[in-house]
Every structure is written in structure tokens, then in C-alpha cells.
Amino acid sequence: MPTGPKQNRLLTALRIKRLRRSDLPPDTLALARYLIGKTLVRELPHGRLAGRIVETEAYPVGDAAGHAFGGKTPSRHSLFLPHGHAYVYFTYGSSFMMNVSSEEPGVGAGVLIRALEPLEGVKFMERSRRTRRLLDLTRGPGRLAQAFRIDKRLDGLPLWSSEKIWLGNAVRSAGPVGESVRIGINREVDRLYRFYERGNLFVSGPKKMRE
DNA sequence: TATGCGATATTCT
DNA sequence: GAATATCGCATAG
């Protein structure tokens, strides 16, 4: 029986199946809810990173808090791609964040991936994040982008077929899903467009926002 | 655990 | 010049 690193990896690797484009609901709110429990996979030369999506926010058509509000600009182009494409942007001088475009071609809307539960590649994430605290690796949109090496080079990629980053099925089905107002915005503040797995420690924000 | 604040770069006014 | 879909550190309780 052969042993060694490769064998260990095979023993521990999760079986993650790609979501097909037809699996993704072509509607922003439906997609935001659907993605809870699903998997985000990042392929890197060193190996594979995977995380379970535990928190999302919807930025639907006509939402004044959404980046698509006010029309298409070069930097926001990817939000107007057909649903299932990555929209990556940089903000606050320090953080990248990733959305999934969520409507038909030419219509701007997206779902922000806000938090993951690490599944594979924790050691690599620790190096990327420069911390060994498991709870700090992927809790929050900026942190998960850093852990997964997500930057502008991934902007516009199709998340059902890309070799670099893609969406996978749930390795563990989602528990009860909570709804709340969104975090860090100043407009449309009363909309219940944030979705999260209740009680999951990897959900961002203050404690009461994961109950 | 909660709250406050400064840092930082890109985009838009 | 202002605003920003945040983070990390400091401080208080």
C-alpha cells in the first residue's frame, strides 16, 4: 500500500462536484439564498482551496446600494454579464471582494460572498492571511478574498467553467438560513437582503448577526 | 464582546 | 475632494 503526501491528499480530498450554469437560479434573491451551503473552490499551482459559503448579500436590480445602480462603467462591467460570472472589485484601500453576477445579460445585479467556512487548504490560507486563527481566515468578504487569493485577475470569469475559481455543490447541506439587513451600507438599509447559516461561527459581523 | 478609529487606493463628482 | 458592499488594532467594561 503506497503512502506519502499524495496518498494522504487523496484520502482527505473532498469530492466536490461543479455546479452547472443551469443549477444557478437566474434571480438575485434566489441565488443569494441558494448559495448558502454551496462550495467555493479556488485552483492554484500549489493545490486546491475550498470553502463552504455561509453568508451572502443580494444587490438586486434597482437597489440604490448596489454597484450597478447608476449604470454600467468599465469597472462594473462584470455585474452586467449573464448570471454566474465573477465580479471582483477593490475598496477601502485594502480589500478585494467577490460577487456572482445574478441576472440576464445587460442587467446589472450581483450576490456578494461575505463569509466561508474553510474546508480545504487551511495551511495555505494561513500563509495568505498571515494568521493562524481559523476564525479569522475567511470571516468577512475582504478576508476570504485574501485567503483565496482573489483579485482583479479573476474579474469576469465564468464560475461554472473557469479552471481558476468555480462553484461546487454542498458537501454538507445548509442548516436553517437567517435573513437580516446588510452590513456596511448607507442606502436601502432596511432591506432584508443578507442570508446566512444560523449559528455558524464563520458568519461575519457581531454575534447577534449570526443567531 | 462591543465600540471607535486610522489606513489605504480606486472611482466618481 | 469625497465616498467607499473593510480590516486590524486599541481600549473599555
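In this predicted model, the residues of the surface near DNA strand B divide into two nonpolar, three polar and one charged. The residues in question are Thr-73, Ser-75, Phe-90, Tyr-92, Gly-93 and Lys-207, which surround DNA strand B. Of the atoms of DNA strand B that come within 4 Å of the protein, 54% are accounted for by sugar and phosphate. One polar contact on this surface involves Thr-73, where an N or O atom of the side chain is 2.7 Å from a phosphate oxygen of DNA strand B.

Two of the residues around DNA strand B, Phe-90 and Tyr-92, also appear in the description of a hairpin. Strand 3 (86-91) and strand 4 (95-101) run antiparallel and are joined by six bridges. Within this pairing, Phe-90 has Phe-96 of strand 4 as its bridge partner. Three residues separate the two strands of the hairpin, and Tyr-92, which lies in the turn, has a positive phi of about 55°.

DNA strand C is surrounded by 21 residues, and the closest of them are His-67, Met-97, Asn-99, Arg-129 and Arg-143. By class, this surface consists of nine nonpolar, nine polar and three charged residues. Sugar or phosphate supplies 56% of the atoms of DNA strand C within 4 Å of the protein, while the rest belong to bases.

Polar contacts with DNA strand C involve both bases and phosphate. An N or O atom in the side chain of Asn-99 is 2.4 Å from a base nitrogen of DNA strand C. For Tyr-89, a polar side-chain atom lies 3.2 Å from a base nitrogen of this strand. The contact of Arg-143 is with the backbone of the DNA, as a polar side-chain atom lies 2.7 Å from a phosphate oxygen of DNA strand C. Strand 3, strand 4, strand 5 and helix 4 (141-147) are the elements that give two or more residues to the surface near DNA strand C.

The largest pocket has a volume of about 570 Å³. Its lining is made up of 25 residues, and those nearest the centre of the pocket are Tyr-59, His-67, Tyr-89, Gly-184 and Ile-185. Of these, His-67 is also among the residues closest to DNA strand C, and Tyr-89 has the base contact described above. At least two residues of the lining come from each of strand 2 (47-59), strand 3, strand 4 and strand 5 (110-120). Strand 3 gives the most, with four residues. The lining of the largest pocket has 14 nonpolar, seven polar and four charged residues.

Two loop residues were also examined. Thr-138 lies in the loop between helix 3 (122-129) and helix 4. Thr-138 counts as buried because its relative accessibility is 0%, which is under the 20% cut-off. The side chain of Thr-138 reaches the backbone oxygen of Leu-116 at a distance of 2.7 Å.

Ala-13 is found in the loop between helix 1 (5-12) and helix 2 (28-34). With a relative accessibility of 35%, Ala-13 counts as partly exposed, since this class covers values between 20% and 50%. Ala-13 and Leu-119 are 106 residues apart in sequence, whereas their C-alpha atoms are 9.5 Å apart in space.

Note on methods. Residues numbered from 1 in each chain as written. Chains lettered and ligands numbered in written order. Predicted model: local features only at pLDDT ≥ 70, side-chain atom pairs only at ≥ 80, totals over all residues. Heavy atoms only, no water. Near = heavy atom within 4 Å. Polar contact = N/O pair within 3.5 Å; in protein donor to acceptor, adjacent residues only side chain to side chain. Nonpolar A, V, L, I, M, F, W, Y, C, P; charged D, E, K, R; others polar. 1 Å grid on protein atoms, 1.4 Å probe; cavity = no way out; pocket = protein on both sides within 12 Å on 5 of 7 lines; lining within 4 Å. Points joined across faces, edges and corners; volume = space filled by probe spheres on them. Pairing = 2+ DSSP bridges. Buried < 20%, exposed > 50% of the residue type's maximum accessible area, 1.4 Å probe, protein only.
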